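Reader: Please show me the structure, and then let us go through it in questions and answers.

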Protein chains: 2
Amino acid sequence: MSAPAIERLTQIIARLPGLGPRSARRIVLRLLSDREHRLVPLIAALKDAAEQVRACSTCFTLDTSDPCTICADASREPMICVVESVADLWALERAGIYRGRYHVLGGLLSPITGRGPETLRIAPLLARLDDRVREIILALPSTVEGQASAHYLMDRLKTTGIRVTQLAQGVPVGGAIEILDDGTLALALAARRDA
Amino acid sequence: MSAPAIERLTQIIARLPGLGPRSARRIVLRLLSDREHRLVPLIAALKDAAEQVRACSTCFTLDTSDPCTICADASREPMICVVESVADLWALERAGIYRGRYHVLGGLLSPITGRGPETLRIAPLLARLDDRVREIILALPSTVEGQASAHYLMDRLKTTGIRVTQLAQGVPVGGAIEILDDGTLALALAARRDA
């Protein structure tokens, strides 16, 4: 329909998460209609990211230095928060409520898709544990796969003698009771506290 | 929070239409987690588009050739469909129901923002009219600005003697009556036809 250069760009953008053909066309038109302020800076930023960003060889987050800024920060507390993905690490950092280090698993165990422990970064996690690590926090999603992964990790970490904790489960802040699923309601009720 | 190279890329992507900080972060992570199949092809496609795509100097659509493929196509019928944007041109081409040429106005008259006729591509439209053009179809949005622009163009085109038409207004295909706005209902009723 339109020029191959436009079609190819639209197809690549349409495959990005949350986008489709219609939103990709809007984005392509916006980029082409404002080259100087949108298209050229985007190309430069993508090239910079492609050249500079690497996975930290300790915790596997994405950064321009290795070890990453967090692993290199001596003021971080001696605890490791295990997350599924860099997105989850970013969410915790944005919240600004945690001052320890991280370990990005790179996925979750999945009996359905047959994803096993060897596909996750479990060996590098065990390898970085020493007697300075005071606690390992499992911040994995509250899903079947997340909890299966958490149980597997708890089992593997038992012999280290390090304290292993999990995020609390319950009613989310701002969450209405009537729209909560039964599982969350049951957990929140069972873990109720004195007011 | 994360590396400057990641932050800058996220900010640029977040400003694209339909996106925001959250969706931009997801896109950046996807790009960085699959460089070979996503990041590298995207950079190449953006560079190709930046280098190859130009506005047609006749109709102002975006293409890699000038005159564009449509203007250069001798089999197109001798009529010009005036559209607001390249996005609207693409929508008509996708529908595959029109075989004439186009003219991209590049905007609409807006008494509110003070956008006047001199900011639109009206002079180039008048300049390309000759006695081979059989009809000018105004395919402008059914909004205050679209209809103001259509009336202005009808006035300017009156002296050419060329037939000027507008898209029909009424109930959209698949559109439920109960959710239609009053304006559309009134138009559809006034323009009713024998069944």
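Reader: What span should the 13 residues of H2(A) have at 1.5 Å a residue?

Author: Helices here are DSSP runs of H or I with at least four residues, strands are runs of E with at least two, and both are numbered from the N terminus. The expected span of a helix is 1.5 Å times one less than its number of residues. The end C-alpha atoms of H2(A) are 18 Å apart, which agrees with the expected span for its 13 residues, 18 Å.

Reader: How far can I trust the source of this, and how are residues and chains labelled?

Author: This is a predicted model, in which local features need pLDDT of at least 70 and side-chain atom pairs count only at pLDDT 80 or more, while totals for chains, interfaces and linings use all residues. Residues are numbered from 1 along each chain as its sequence is written, and chains are lettered from A and ligands numbered from 1 in the order in which they are written.

Reader: Within what arc do the buried residues of H2(A) fall?

Author: A residue is buried if 20 or more other C-beta atoms lie within 10 Å of its own, exposed if 12 or fewer, and partly exposed in between, with C-beta atoms placed from the backbone. In H2(A) the buried residues are Arg25(A), Ile27(A), Val28(A), Leu31(A) and Leu32(A). The arc is taken from the directions from the helix axis to the C-beta atoms. The buried residues of H2(A) line one face of the helix, because seen down the axis they fall within an arc of 165 degrees.

Reader: Which elements of chain B help to cover the buried residues of H2(A)?

Author: Contact means that the C-beta atoms of two residues, placed from the backbone, lie within 7 Å. The cover includes H1 and H3 of chain A, and from chain B it includes helix H3 (35–52), strand S2 (62–63) and helix H5 (86–95).

Reader: Which elements do the buried residues of H2(B) pack against?

Author: The buried residues of H2(B) are Arg25(B), Ile27(B), Val28(B), Leu31(B) and Leu32(B). They cover an arc of only 165 degrees around the axis, which puts them on the same side of H2(B). Their packing partners are helix H1 (4–14) and H3 of chain B, together with H3, S2 and H5 of chain A.

Reader: Which element gives the largest share of the side of chain A that touches chain B?

Author: The contact takes 40 residues from chain A and 40 residues from chain B. On the side of chain A, at least two residues each come from helix H1 (4–14), helix H2 (21–33), helix H3 (35–52), strand S2 (62–63) and helix H5 (86–95). The largest share there is 13 residues, and it comes from H3(A).

Reader: How many residues on that side of chain A are nonpolar, polar and charged?

Author: Ala, Val, Leu, Ile, Met, Phe, Trp, Tyr, Cys and Pro count as nonpolar, Asp, Glu, Lys and Arg as charged, and the others, Gly among them, as polar. The side of chain A that touches chain B divides into 25 nonpolar, five polar and 10 charged.

Reader: Which residue of chain B does Val86(A) contact?

Author: Val86(A) is in helix H5 of chain A. It counts as buried because it has 25 C-beta neighbours inside 10 Å. Leaving aside neighbours within four places in sequence, Val86(A) is in contact with Thr61(A), Leu62(A), Val104(A) and, in chain B, Leu29(B).

Reader: Which residues have the most contacts inside the largest nonpolar core?

Author: A nonpolar core is a set of buried Ala, Val, Leu, Ile, Met, Phe, Trp, Tyr and Cys residues joined through C-beta atoms within 7 Å. The largest has 88 residues, and those with the most contacts inside it are Leu46(A), Val82(A), Leu46(B) and Val82(B).

Reader: Is Phe60(A) buried or exposed?

Author: Phe60(A) lies in the loop between S1 and S2 of chain A. Its phi is near 70 degrees, a positive value in a residue other than glycine. With 21 other C-beta atoms within 10 Å, Phe60(A) is buried.

Reader: What is omega for the cis peptide bond that joins Asp66(A) and Pro67(A)?

Author: Most peptide bonds are trans. Pro67(A) is found in the loop between S2 and helix H4 (69–72) of chain A. The cis bond from Asp66(A) to Pro67(A) has an omega of about 5 degrees.
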